[in-house]
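Please look through the sequence and the structure shown here before reading the report that follows.

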Amino acid sequence: MQQQIKETALKNIEGSPLILDIRSNQDYNNLQLKQPHLHIPAANLDIPSFLKTTPIKAHQHLYLLSQKGDASRLVAKRFLKSGFQNIINIQGGILKSKTDGVLMRENTTPHLKRGLCFLAGCLIFIGVILGLFVSKSYFLIPLGVGFLLMFQSIVGRNIFSPLFKRKKP
């Protein structure tokens, strides 16, 4: 007999629940819960060792979170097969939780990269046009932008990000 997997919306959970986010590292880095939680991608989750190393009280539930709720439902079945019964899937995953108003921490890096690419492209285009039609000294603009982009890739961080940071209201 197959046991039914319990489900609930994250907004309905009270107290300080034990939440396991099983999304990929990339998805996790783009959007996270603000409340305390654990993160182990489903592909890396070894349930027996997780149950041994994670202090879960006998009466405590483990809530599973994925992007839309489907992957966490599959992982919940794996927990049930391993003998752990206090498992609850978060309906609709993190995307539904976000629309329900659950507090999130979002990574704005993708917006910064688009802004950086746009700015760099504009500066290079303007520098080349001015260099061709006004003065050869304007070729220094694309040269400088190219140098800064190479420097940024060497140091491994976005040196232009302060220009594009969104101010929080």
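## A residue in the core

In this predicted model, Leu 20 touches a long list of residues that lie more than four places away in sequence, including Leu 38, His 39, Ile 40, Leu 45, Phe 50, Leu 62 and Phe 79. Leu 20 also belongs to the largest nonpolar core, which has 15 residues, and together with Leu 45, Leu 62, Leu 64, Phe 79 and Ile 87 it touches the most other members.

The elements that give two or more residues to this core are β2 (18–21), α2 (47–53), β5 and α3 (70–81), and of these α3 gives the most, with 4 residues. A second, separate core is made up of 12 residues, among them Leu 10, Ile 13, Ile 88 and Ile 94.

## The sheet

The 5 strands of an open sheet pair in parallel, in the order β1-β6-β5-β2-β4, and the edge strands, β1 (6–8) and β4 (38–39), each pair on one side only. Within this sheet, strand β5 (residues 62–65) is joined to strand β6 (residues 87–90) by 3 bridges, and Tyr 63 stands opposite Ile 88 in β6.

## Charged pairs

Side chains of opposite charge can pair when their charged atoms come close, and the count here comes to 5 salt bridges. One of them links Asp 21 and Arg 23 at 2.8 Å, N to O, and both of these residues are buried.

Another salt bridge joins Asp 100 to Lys 96, with the closest N and O atoms 2.7 Å apart; Asp 100 counts as partly exposed at 23% relative accessibility, and Lys 96 is likewise partly exposed, with a relative accessible area of 39%. In addition, salt bridges that share partners join Glu 7, Asp 70 and Arg 73 into one network.

Note on methods:
Residues are numbered from 1 along each chain as its sequence is written. This is a predicted model: local features need pLDDT of at least 70, side-chain atom pairs count only at pLDDT 80 or more; totals for chains, interfaces and linings use all residues. Side-chain values use heavy atoms; hydrogens and water are left out. Two strands pair if DSSP finds at least two bridges between them. A nonpolar core is a set of buried Ala, Val, Leu, Ile, Met, Phe, Trp, Tyr and Cys residues joined through side-chain atoms within 4.5 Å. Buried means under 20% relative accessible area, exposed over 50%, partly exposed in between (1.4 Å probe, protein chains only). Contact means heavy atoms within 4.5 Å. A salt bridge is a side-chain nitrogen of Lys or Arg within 4 Å of a carboxyl oxygen of Asp or Glu.
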